[in-house]
Amino acid sequence: MPRILLSLVLSLLLLLTLPGYAQVAAAGAPILVAQDGSGQFKTLQEAVNAVPNQSQQQVIIRVKPGVYKEKLVVPALKTHISLLGDNAATTIITFDDHTGKGDINTYTSHSVLIQGNDFRAENITFQNTAGRGAGQAVALHVEADRCVFRNCRILGDQDTLFLASNHTRQYFHDCYIEGTTDFIFGAATAVFDRCNIYSKKNSHITAASTPQEQAYGFVFLNCRLLADTSQANNVSLGRPWRPYAKVAYLNTYMGSHIRPAGWDNWKKPENEKTASYVEYRSSGPGATVGQRVSWSRQLTAKEAKQYTIKHIFASQQPWSPEKK
């Protein structure tokens with residue numbers, strides 16, 4: 001056999017032995033993950049590892065129903081990954097790390113960590129089962145920019161959803177997010193569009209740490225604030241993890257568990273001078289806008305018009321979550 005031909009054959013054989021190479025390279029075909037062995041991979045981490053680094057096209061990973069107990073990491077080099085399940089109720093990624101377990105802390109307690117930009121998830125549950133007495137236990141930790149979550153469930157207790165990095169953008173549509181204390185927290189700009197936010201005890205929904213120069217923090221559009229009313233009947237809309245925290249609720253239904261004052265200063269009166277806590281057309285028994293703390297504000301109709309997806313996510317690199 002000619003030397004050049006032999007070299008080509010050996011190279012091809014080597015490539016075909018690399019885990020997942022043939023499947024990923026096959027004309028952009030979706031990668032299938034199934035615990036019963038009917039897919040290319042049995043674990044999500046194996047599938048993510050098989051995605052080419054710095055992909056400029058969306059790589060689809062389809063996830064068959066199952067409970068995937070793994071501490072999943074999507075590294076910064078694994079860009080443009082879409083994690084697609086059939087049903088969030090039956091497609092669950094779960095782990096049980098928490099602060100105080102060995103050397104685990106809030107930043108490392110995640111069940112799932114997303115560092116690669118342009119990540120998408122649909123019909124997936126992200127869960128931390130450490131339990132209410134475990135302290136900080138993150139289900140989903142996002143450090144990446146331009147991430148979209150649709151029809152997902154994010155389940156935990158304290159510190160369920162960590163949107164960690166400033167000047168990053170995330171979009172949640174038709175999602176269910178539950179927790180106890182500060183269960184949506186961090187420095188990102190994030191929009192929650194038609195989401196159900198469920199409080200499990202008397203505490204605080206948000207703990208934003210928005211940097212001063214960032215125009216938007218957490219924005220809730222057309223959401224529903226719900227609760228286990230046997231455990232939660234005095235819940236605040238948020239408290240500032242850092243000065244200049246920014247949180248907005250627009251056209252949001254608020255259950256009776258939302259305290260009349262609405263907001264909390266984290267026992268630091270100086271936060272009242274810097275936090276931007278606003279509402280517009282809140283409804284429901286918790287929408288006692290006339291009793292809110294004096295340092296929060298009701299938006300005017302003109303101001304509320306600025307809270308569009310396009311405007312919120314505008315930056316030096318504009319982005320729309322609708323774009324594939």
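**Parallel strands, buried positions and aromatic pairs in a predicted model**

For this chain, an unreviewed UniProt entry lists residues 31–312 as "domain: Pectinesterase catalytic". The structure described here is a predicted model. Within the span 31–312, 5% is helix and 35% is strand, and the C-alpha atoms at its two ends lie 33 Å apart.

Seven strands are arranged as an open sheet with parallel pairing, in the order β4-β7-β10-β13-β16-β19-β22. The edge positions are taken by β4 (72–74) and β22 (236–238); each has a single partner strand, so one side of each is left without a neighbour in the sheet. From one strand to the next, the twist averages 15°. Strands of a sheet pair through backbone hydrogen bonds, in either the parallel or the antiparallel sense. One pairing within this sheet can be followed residue by residue. Strand β10 (residues 140–142) runs parallel to strand β13 (residues 161–163), and three bridges join them. Here His141 has Phe162 of β13 as its bridge partner.

Strand β7 of the sheet contains Val112. With a relative accessibility of 0%, Val112 counts as buried, because the limit for that class is under 20%. Beyond residues up to four places away in sequence, Val112 touches Leu72, Ile93, Phe126, Ala139, Leu140 and His141. The C-alpha atom of Val112 is separated by 8.0 Å from that of Thr94, although the two residues are 18 residues apart along the chain.

A further set of parallel pairings centres on strand β14 (residues 169–173). Four bridges pair β14 with strand β11 (residues 147–150) in the parallel sense, and five bridges join β14 to strand β17 (residues 189–193), again in parallel. Gln170 takes part in both pairings: Gln170 is the bridge partner of Cys147, and Ala190 in β17 is the bridge partner of Gln170. Strand β14 is mostly covered, as five of its five residues are buried. In a regular strand the side chains alternate between the two faces of the sheet. In β14, Arg169, Tyr171 and His173 lie on one side and Gln170 and Phe172 on the other; these residues are all buried, and both faces of the strand are thus covered.

A buried position is also found in strand β25 (residues 276–280), where Glu279 is located. The relative accessible area of Glu279 is 1%, and the residue is therefore classed as buried. When neighbours within four places in sequence are left aside, the contacts of Glu279 are Leu237, Tyr249, Met254, Trp263, Val289, Arg292, Arg297, Gln298 and Leu299.

Aromatic side chains were examined next. The whole structure holds 17 aromatic pairs. One of them is formed by Tyr107 and Phe162 in an edge-to-face arrangement, with 5.3 Å from centre to centre and 65° between the planes. Tyr107 belongs to the loop between β6 (91–95) and β7 (112–114), whereas Phe162 belongs to strand β13, so the pair ties together parts that are 55 residues apart in sequence. The two partners fall into separate classes of accessibility: Tyr107 is partly exposed, with a relative accessible area of 46%, whereas Phe162 is buried, at 1% relative accessibility.

Tyr176 and Tyr198 form a tilted aromatic pair, with 6.1 Å between the centres and 35° between the planes. This pair links distant parts of the chain, since Tyr176 lies in strand β15 (residues 176–179) and Tyr198, 22 residues away, in strand β18 (residues 196–199). Both tyrosines are partly exposed, with a relative accessible area of 23% for Tyr176 and 22% for Tyr198.

Ring pairs also build a cluster, which consists of Phe119, Phe126, Phe149, Phe172, Phe192, Phe218, Phe220, Tyr249, Trp263, Tyr277 and Trp295. Some of these residues have appeared above: Phe126 is in contact with Val112, Phe172 is among the buried residues of β14, and Tyr249 and Trp263 are among the contacts of Glu279.

Two arginines were found over aromatic rings. Arg224 lies over the face of Tyr253, at 4.8 Å from the ring centre. Arg239 takes up a position over the face of Trp266, with 3.7 Å to the ring centre.

Terms used:
Residues are numbered from 1 along each chain as its sequence is written. This is a predicted model: local features need pLDDT of at least 70, side-chain atom pairs count only at pLDDT 80 or more; totals for chains, interfaces and linings use all residues. Side-chain values use heavy atoms; hydrogens and water are left out. Two strands pair if DSSP finds at least two bridges between them. Axes are lines fitted to C-alpha atoms, for helices over the stretch in contact, and angles run from 0 to 180 degrees between N-to-C directions. Buried means under 20% relative accessible area, exposed over 50%, partly exposed in between (1.4 Å probe, protein chains only). Contact means heavy atoms within 4.5 Å. UniProt positions are given in the numbering used here, feature names are shortened, and annotations may be inferred rather than shown by experiment. Rings of Phe, Tyr and Trp (its six-membered ring) pair if their centres lie within 6.5 Å; planes under 30 degrees apart count as stacked, over 60 as edge-to-face and the rest as tilted. A charge sits over a ring if NZ of Lys or CZ of Arg is within 6 Å of the ring centre and within 35 degrees of the ring normal.
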